[in-house]
Amino acid sequence: MPRENTARHWIDGEWVGSARISDSVDPATGEVIGTYADADAEVGQNAVDAAARAFREGTWRLDPMVRSTALSHLADAYAARMAEVIDTLCLENGKLRHEAGFESHFILRALRFAAGLAVQPHGRVTDTQPGRQAMSIRQPVGVAGIVVPWNSPAYLCIRALAPALAAGCTAVVKMPGQAAQTAALMSEILASVPELPKGVVNVVVESGSDVARLLVESPQVPAISFTGSTATGRLIAQEAAGRFKRVGLELGGKTPHLVFADADMEAALATAVASCTVFAGQFCMTGSRVLVQREIADEFTAALAQRLESVRPGPAADPGSQIGPMIDKASVARVDAAVEAAIAAGAKPVVRGGPSTRPELARGAFYHPTLLAVSDSSLEIVQEETFGPVQTVQVFDTEEEAIALANDTEYGLSACVWSRDADRPVRVARRLDAGLISINSWANLTIEFEEGGYKSSGVGRLGGLASMEDFLEYKQITQDYAPLGG
């Protein structure tokens, strides 16, 4: 169904409006590109009721082959409209075209992997003694509340939604206002799949947090999947604990690059730059910390600085752009304030970067990459997620010191190890407190394997066989029967 001028919610198989209408803005120009119905708690409750009804009254939870078929056909529907998904991310999210393509390609793989998982929620059965059998079965928990961030909304929604549907749950997806047009396109794609019964997936967009709060508090929603900041994740976990909800949280990160003296310097440099500039540094796995061995530290830092200085900001519409805009000017101001505070606390600016002063970019939210040399790991710029194109560089001498520096943070989402030694990368990787380790690469996500964080980077896993665990409950059933000859 074609979108009207104002993007609307998708609830119980119907397009639903709101009394409040808000603007969608292109972060590269500041121009209004559309409007959207902005939800309140009443709209959210209608979505929850629809999902609960679909779970209770329908057969979705009971028919794994229907779920598998629906997920497979949803992948096909996305494939047919992938160019639109990419265009929408470029316009609304500020991503450069290759970045939007990178995000979007995960969608098809996640859906097709989940289609396979849907028919394999296997339990176990055994004879525990003569005349008695026991079995363990896995059943969907009910309605899943999925709270999606604005930084990679197209994929991060599907990453949680696909295993929830595979498990047999129904869902309410809360999309952020900054991704309203992406949400509207997603709803159209969902609506085009006849195997998805009405009410199984409900999509609500809001600029605030009323719907998100409702999902966390509601007794009708036993499972929450949230991707976002650690601060918000803590609040969700605390509130959800009151009802003992299942909570999956993928939160902040401070990804370190551990660059040893025997690294392939060219590969490490190119990837370090990309890890700072992709999505304008608005990525939970942004390579925000560069740890480099002393023997090559001066050479590596100088080369990294030169490359970061030459990165060209610009909109997705310009094929020469090398870093897109941040999501809004408030984010630009926040990141620049963090950099100023770091310099005042002792960090040395190697590349100052900062808000763009280029006239042609004045209306957008552009920020030039920044590189800071630090020697004190306690600085806030080292410890806290900046969520912008800012890197710090620290020097280490030994492997032991590199590991200690990498682990000296409350976060543990991902890390990168750069070395051509045959043994060191795996040896170091096993000692790093992070859920995803990329060796001689960065953010090498694989849908077929589990992804998630250590420490304050979250709980639970998405991707892999464990991705359904947050959405399934185990039930033990025992049966006495009369054995032959009994």
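**Close-up views of a predicted model**

**View 1. Helix α5, residues 153–167, has the span expected from its residue count.** At 1.5 Å a residue, the 15 residues of this helix should cover 21 Å, and the 22 Å between its end C-alpha atoms agrees with that. Keep in mind that the model shown here, and in the other views, is predicted. Burial is the other thing to look for: 15 of the 15 residues of α5 are buried, so the rest of the structure largely encloses this helix. Just after α5 comes Gly-168, whose phi is positive, at about 105°.

**View 2. Helices α3 (residues 82–93) and α4 (residues 97–118) pack against each other.** Their axes lie 9 Å apart and form an angle of about 135°. Because oblique covers angles that are neither under 35 degrees, nor over 145, nor from 65 to 115, α3 counts as oblique to α4. The crossing of α3 past α4 is right-handed. On the α3 side, the contact is made by Met-82, Ala-83, Val-85, Ile-86, Asp-87, Leu-89 and Cys-90. Facing them from α4 are Arg-97, Ala-100, Gly-101, Glu-103, Ser-104, Ile-107 and Leu-108. Sorted by type, the residues of this contact are nine nonpolar, two polar and three charged.

**View 3. Leu-304 sits in helix α10, which runs over residues 294–310.** With a relative accessibility of 0%, Leu-304 counts as buried, because the cut-off for buried is under 20%. Beyond its neighbours within four places in sequence, Leu-304 is in contact with Leu-269, Ala-272, Val-273, Val-290, Leu-371 and Gln-391. For a sense of scale, Glu-31 is 273 residues from Leu-304 in sequence, and their C-alpha atoms are 34 Å apart in space.

Definitions and conventions. Residues are numbered from 1 along each chain as its sequence is written. This is a predicted model: local features need pLDDT of at least 70, side-chain atom pairs count only at pLDDT 80 or more; totals for chains, interfaces and linings use all residues. Side-chain values use heavy atoms; hydrogens and water are left out. Helices (H or I, at least four residues) and strands (E, at least two) are DSSP runs, numbered from the N terminus. Buried means under 20% relative accessible area, exposed over 50%, partly exposed in between (1.4 Å probe, protein chains only). Contact means heavy atoms within 4.5 Å. The expected span of a helix is 1.5 Å times one less than its number of residues. Axes are lines fitted to C-alpha atoms, for helices over the stretch in contact, and angles run from 0 to 180 degrees between N-to-C directions. A crossing is left-handed if the near helix is turned anticlockwise from the far one by less than a right angle, and right-handed if clockwise. Ala, Val, Leu, Ile, Met, Phe, Trp, Tyr, Cys and Pro count as nonpolar, Asp, Glu, Lys and Arg as charged, and the others, Gly among them, as polar.
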